[in-house]
Amino acid sequence: MKEKKDNIFRRLYYGLWKENPILVLCLGLCPTLAVSTTAAYALTMGAFTTAVLILTNVFVSALKKIIPKEQRLLGYLLLAASFTVAGQLFLKAYFPDFSEALGIFIPLTAVNGVIYDRAERCAYVSNPGLALFDGIGTGIGYTFIITLLGAIREIIAFGTIFGIRLIPADYTISFTALAPGACIILAFIMALANKIRGGHRS
Amino acid sequence: MTKLFYAAIIAAFVNNLVLTQSLGMDSFIRNSKDLATSVRIAVSVLIVTVVSSLITWPIGRYVLDKLQISFLSTILFLLVEAALVWFVLFVMKKISVHLYDHYKELLPWSLLTAQFLELS
């Protein structure tokens, strides 16, 4: 990809739609499916992942001369793990409820596939500015889909969205709060996105 | 002995990682296109999980808890596993090039999935 064509808007567009981490790359699915029981948890998880993703992208890109090519995975790992631990402590101090609810999936951000994909395919081969916007685009794309999934699951399972009641409690289907429900709804979202995109997944 | 047996049964069926806890979904979905690839990813995840649990448990129990630095567990366990993956790849390269070609893409994947066990 030529540097000239590879501009900021292109990066944002790719992250949000063309190479959306969940819909197209199928990465970072384990927090996506497990944490999105309610919209608020999903949004927190998305924001957390976005923050770690942006920081890792920028730092990998800035340090790409220092990180040896053979051991670059180790470099990404260390950077991502450091930011995850910092974020984990921050969340524990200021949002203890969310930290408690998200549990194991907060430290698991350090091994989220999205971060490694972006570090390998974008940050390691481009300048920090571009990596920043790539991180923002991909992060927003991730957050949007996980929050959408969380909102749909919350409406069907609990009849609420961000805690505001839409459907009476007697008419809810609690199935979607479980893991299989998440898989099925995510499949519907993916199918819809592929339909809009027209034809086969690239 | 029965306790160990129960632990294995619970881990395999009741708390099945993929089906009930939806952990490790990335490699599960991306690499299960055909049977051969699935078996390979399963083997690599198995190796990494078993060996890294053996190594990280004493580290967590005796080093991190003693020194009260358990907030470093994520970084330390990741490092141990990364080192382990490199080591397994190195051994495979020595034993057979064919095997190495098959697994060099997949072992890093297992690195991204196998972490949860040690953390929990």
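How do the residues of the lining of the second largest cavity divide into nonpolar, polar and charged? The legends below look at that cavity and at chain B in this predicted model.

**View 1. The second largest cavity has a lining with six nonpolar residues.** That settles the opening question: there are no polar and no charged residues in this lining. Chain A brings A:Leu77, A:Leu78 and A:Ala81 to it. From chain B come B:Ile75, B:Leu78 and B:Leu79. As for elements, α4 (72-94) of chain A and α4 (73-95) of chain B are the ones that each give two or more residues to this lining.

**View 2. Here's the empty space itself, in the second largest cavity.** If you roll a probe the size of a water molecule over the atoms, you get to see where empty space is left. Counting cavities of 30 Å³ or more gives two. The second largest one holds about 30 Å³ of space.

**View 3. Chain B is built with seven helices and zero strands.** Follow the sequence along and you'll read α-α-α-α-α-α-α. One of these helices, α4 (73-95), is an element you've already met at the cavity lining.

**View 4. Next up: what chain B tucks away and what it shows.** Of the 120 residues in chain B, 35% are buried. The chain exposes about 7,400 Å², and carbon and sulfur atoms supply 72% of that area.

**View 5. Now for contacts along chain B.** Take the contacts in chain B with a separation of 6 or more: 64% of them come from residues 24 or more positions apart.

Methods
Residues are numbered from 1 along each chain as its sequence is written. Chains are lettered from A and ligands numbered from 1 in the order in which they are written. This is a predicted model: local features need pLDDT of at least 70, side-chain atom pairs count only at pLDDT 80 or more; totals for chains, interfaces and linings use all residues. Side-chain values use heavy atoms; hydrogens and water are left out. On a 1 Å grid over the protein atoms alone, a cavity is a set of points where a 1.4 Å probe fits but cannot get out, and a pocket is an open set with protein on both sides within 12 Å along at least five of seven lines; lining residues have an atom within 4 Å of a point. Grid points are joined across faces, edges and corners, and a volume is the space filled by probe spheres set on the points. Helices (H or I, at least four residues) and strands (E, at least two) are DSSP runs, numbered from the N terminus. Ala, Val, Leu, Ile, Met, Phe, Trp, Tyr, Cys and Pro count as nonpolar, Asp, Glu, Lys and Arg as charged, and the others, Gly among them, as polar. Buried means under 20% relative accessible area, exposed over 50%, partly exposed in between (1.4 Å probe, protein chains only). Contact means heavy atoms within 4.5 Å. Accessible areas come from the Shrake-Rupley method with a 1.4 Å probe; for residues, only the protein chains shown count as cover.
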